[in-house]
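Let's take a walk through this one together, starting with a helix and then dropping in on a few other spots. Have the structure open so you can follow along.

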Amino acid sequence: MENLLTTDFGGKTLSIQTGKVAKQASGSVVVQYGETIVLVSVVSAHEERPMDFLPLTVEYMEKIYAAGRIPGNYFRREIGRPSEKETLTARLIDRPIRPLFPKGYRYETQVIATVLSMDQENDPDILAMIGASAALEISDIPFAGPIACARVGRIEGNLVINPTISDCESSDINIIVAGSKTGVVMVEGGGNIVSESDMLEAILFGHNAIQPVIELQVKLKEAAGKPKRTFVPPEKDQNLADIIGPKALTPIREAVLIPDKITRSATLRAVKAKIFEDLGEEYADRRKEVYEILNDIQKNICRELILKEGRRIDNRKFDEIRPITCEAGILPRPHGSALFTRGETQVLGVLTLGSGRDEQRVETLSGEELRPFMLHYNFPPFSGGEVKRVGGPSRRDIGHGGLSTRAIEKVLPSKDDFDYTIRIVSEVLESNGSSSMGTVCSGILALMDGGVPIKAPVAGIAMGLVKDEDNVVILSDILGDEDHTGDMDFKVAGTKDGITALQMDIKILELSREIMEKALEQARVGRLFILDRMLEALKEPRKTISPHAPTIITIKVIPDKIREVIGPGGKTIRLIQSETNTRVEVDDSGLVKIAAVSKEDGDAAKEMINEIIAVPEVGRIYEGTVVKIMDFGAFVQIMPGTDGLVHISQLADHRVAKVTDVVKEGDKIKVKVLEVNRDGKIRLSLKAAIEEES
């Protein structure tokens with residue numbers, strides 16, 4: 001049975017339809033906003049998987065046909081590897097819905113969001129997130145929803161719900177807020193150096209705006225929802241827990257309090273292995289169950305240390321930042337580099353500068369984009385003391401890179417002020433809490449080391465939360481174990497004046513305004529502390545860029561001269577590049593960019609181009625080449641692509657019967673410019689040149 005419900009959402013109509021398509025899925029909906037349409041389906045298997053985590057996968061797929069175009073790649077079809085936008089959106093969907101499945105749910109579940117139509121104004125990512133919640137709500141899958149989300153912008157000081165793609169360009173806030181009826185569950189986005197109070201106002205504005213969408217899902221469930229399948233969370237064997245508890249509490253507590261991560265992890269492994277071994281043969285086939293109990297004991301101990309004893313694993317205060325060291329300029333050949341170490345998290349940032357040809361070209365639903373700034377995050381297995389297969393970037397790598405990109409790009413200079421393509425590579429060398437924020441810090445220092453004139457330095461910090469009923473503790477600069485056992489991961493990056501990026505994920509159902517407000521203020525204080533440590537290493541960007549960076553020279557030519565710079569079939573521009581070891585780019589407006597390894601090469605290319613585009617001066621003598629003989633005179637090329645006519649009467653101071661009596665094609669002669677008329681035609685004189693030089 002078909003059901004179609006609508007509501008006003010940010011001044012436009014949002015519709016959710018079910019029962020028409022994809023009816024064999026456990027739940028499916030079609031969400032429409034403007035002319036953007038997304039199909040979201042969810043299926044959950046009926047056979048339980050033997051694993052200790054929720055087997056949930058989320059896929060978001062953009063079909064190029066949705067924008068009325070044929071894919072531009074060789075195969076003319078959507079390629080198998082997801083784009084960066086698809087990966088980031090899949091993570092956006094996954095993060096708020098994952099905590100809402102019942103604990104212990106081990107049935108493989110897949111959410112697929114497919115963009116069917118895209119109107120170039122309304123971004124489909126919001127619809128995909130809403131559709132995932134709606135599809136789960138009407139399905140038979142147990143789910144503690146509904147949730148909804150909205151994009152919040154601020155244009156000319158006014159907060160706006162779901163600004164269009166074009167409006168986002170003039171918005172100084174761009175965040176996605178996901179929430180339930182009573183609280184916020186996820187925040188993702190950034191701002192153009194926005195204060196904490198303004199960002200909190202935007203978050204709460206978004207939460208208020210999603211309430212009609214939540215009500216819409218409630219009505220849809222009432223009209224079309226399936227009965228939820230029976231699911232009873234697996235119960236732990238209390239007798240086994242009672243046996244293990246007395247054996248495990250003291251040694252696990254002692255191990256948890258070891259400050260060094262590697263030693264702590266090794267000790268915990270040894271303790272758990274010893275306890276399992278001591279249980280004897282009777283429990284040899286219950287290893288998974290035993291380790292689940294041991295892991296729960298470890299988690300409870302970590303939480304009780306914070307909530308009841310007021311202490312952290314490494315004995316820091318709740319708002320204390322780990323020791324920080326910063327070094328800039330540690331690599332000789334890259335164009336900028338920095339090593340940022342905070343506690344046991346260490347990130348190497350490496351800067352490379354390039355020309356316009358190095359910009360990343362990306363095909364999106366909105367068309368082809370050119371990106372002059374790239375940040376690539378790498379997390380090798382050795383950084384966590386692990387052995388894993390090394391491959392391409394994971395979803396986590398892309399997600400952390402995306403967050404770091406948003407944090408840094410707000411302070412980059414404009415192309416008018418710094419005409420380079422910028423690439424930062426983050427190499428995580430050690431990891432124990434928030435390598436993404438370490439990436440922001442090392443990346444900024446690498447930019448400053450490379451002489452990039454950033455608007456202001458940026459630092460980042462990861463905040464944690466441990467909550468038990470009314471007992472709430474907010475932690476600054478969390479460790480990996482605190483992230484694992486806590487209830488929130490809240491990353492905030494910004495300058496001394498405001499926020500440039502933030503990302504919040506929680507493992508509980510929702511967060512209140514008071515908790516978010518306190519977390520933002522505590523993050524601000526911690527961010528300023530980290531900034532101070534960074535500026536001790538490098539106070540400001542270096543005055544000059546690296547000598548190994550390319551030299552960029554810009555020349556403006558009149559559009560009529562563009563073809564002369566390029567030459568027939570690109571012959572002239574290729575000659576310039578080969579003779580000067582440079583790269584020359586020309587756009588339709590007449591802007592010429594020269595990228596050279598050295599200033600000398602760049603100046604040589606500039607001189608060659610200036611010769612091509614130069615306008616002949618009346619009265620000046622030029623040396624030229626006779627390129628064509630006519631009965632009435634000779635055409636002489638005095639500059640590349642520029643020639644003029646020496647009339648037969650101007651060949652000599654006497655009467656000339658035939659032009660070839662004086663000059664022939666290929667002759668090198670000196671001529672004087674007599675006139676350049678409005679049509680650009682040039683009158684030359686061999687006779688006048690001879691007279692002037694005699």
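Before we start, one cut-off: a residue counts as buried when its relative accessible area is under 20%, and as exposed when that value is over 50%. Keep in mind, too, that this is a predicted model.

With that in hand, look at helix H7, which covers residues 261-279. Its 19 residues reach 27 Å from the first C-alpha to the last, close to the 27 Å expected at 1.5 Å a residue. Which residues of H7 are buried? They are Lys-261, Arg-264, Leu-268, Val-271, Lys-272, Ile-275, Phe-276 and Leu-279. Look down the axis of H7 and these buried residues fall within an arc of 130°, so they line one face of the helix. That face has company: the buried residues pack against helix H6 (238-256), helix H8 (287-307) and helix H11 (480-485). Swing round to the other side of H7 and you'll find Ile-262, Arg-269 and Glu-277 exposed.

The ends of H7 deserve a look as well. At the N-terminal end, Asp-260 acts as a cap, with a side-chain oxygen 3.4 Å from the backbone nitrogen of Ile-262. After the helix comes Gly-280, and its phi is positive, near 85°.

Now hop over to helix H8, one of the packing partners of H7, and find Leu-305 there. Is Leu-305 buried or exposed? Its relative accessibility is 1%, so Leu-305 counts as buried. Setting aside neighbours within four places in sequence, Leu-305 is in contact with Arg-253, Val-256, Leu-257, Gly-310 and Arg-311. Val-256 sits 49 residues from Leu-305 along the chain, yet their C-alpha atoms are separated by 9.9 Å.

Next, a loop. Ser-546 lies between helix H12 (513-537) and strand S22 (551-556). Despite that loop address, Ser-546 is buried, at 13% relative accessible area. Its side chain reaches the backbone nitrogen of His-548 at 3.0 Å. Not counting residues up to four places away in sequence, Ser-546 touches Pro-334, His-335 and Gly-450.

Last stop: the empty space. How many cavities of 30 Å³ or more does a search of the whole structure find? It turns up 3. The largest holds about 80 Å³ of space, and the residues lining this cavity include Phe-9, Tyr-33, Glu-121, Arg-151 and Ile-165.

Notes
Residues numbered from 1 in each chain as written. Predicted model: local features only at pLDDT ≥ 70, side-chain atom pairs only at ≥ 80, totals over all residues. Heavy atoms only, no water. Helix = DSSP H or I, 4+ residues; strand = E, 2+ residues; numbered from the N terminus. Expected span 1.5 Å × (residues − 1). Buried < 20%, exposed > 50% of the residue type's maximum accessible area, 1.4 Å probe, protein only. Arc of directions from axis to C-beta. Contact = heavy atoms within 4.5 Å. Polar contact = N/O pair within 3.5 Å; in protein donor to acceptor, adjacent residues only side chain to side chain. 1 Å grid on protein atoms, 1.4 Å probe; cavity = no way out; pocket = protein on both sides within 12 Å on 5 of 7 lines; lining within 4 Å. Points joined across faces, edges and corners; volume = space filled by probe spheres on them.
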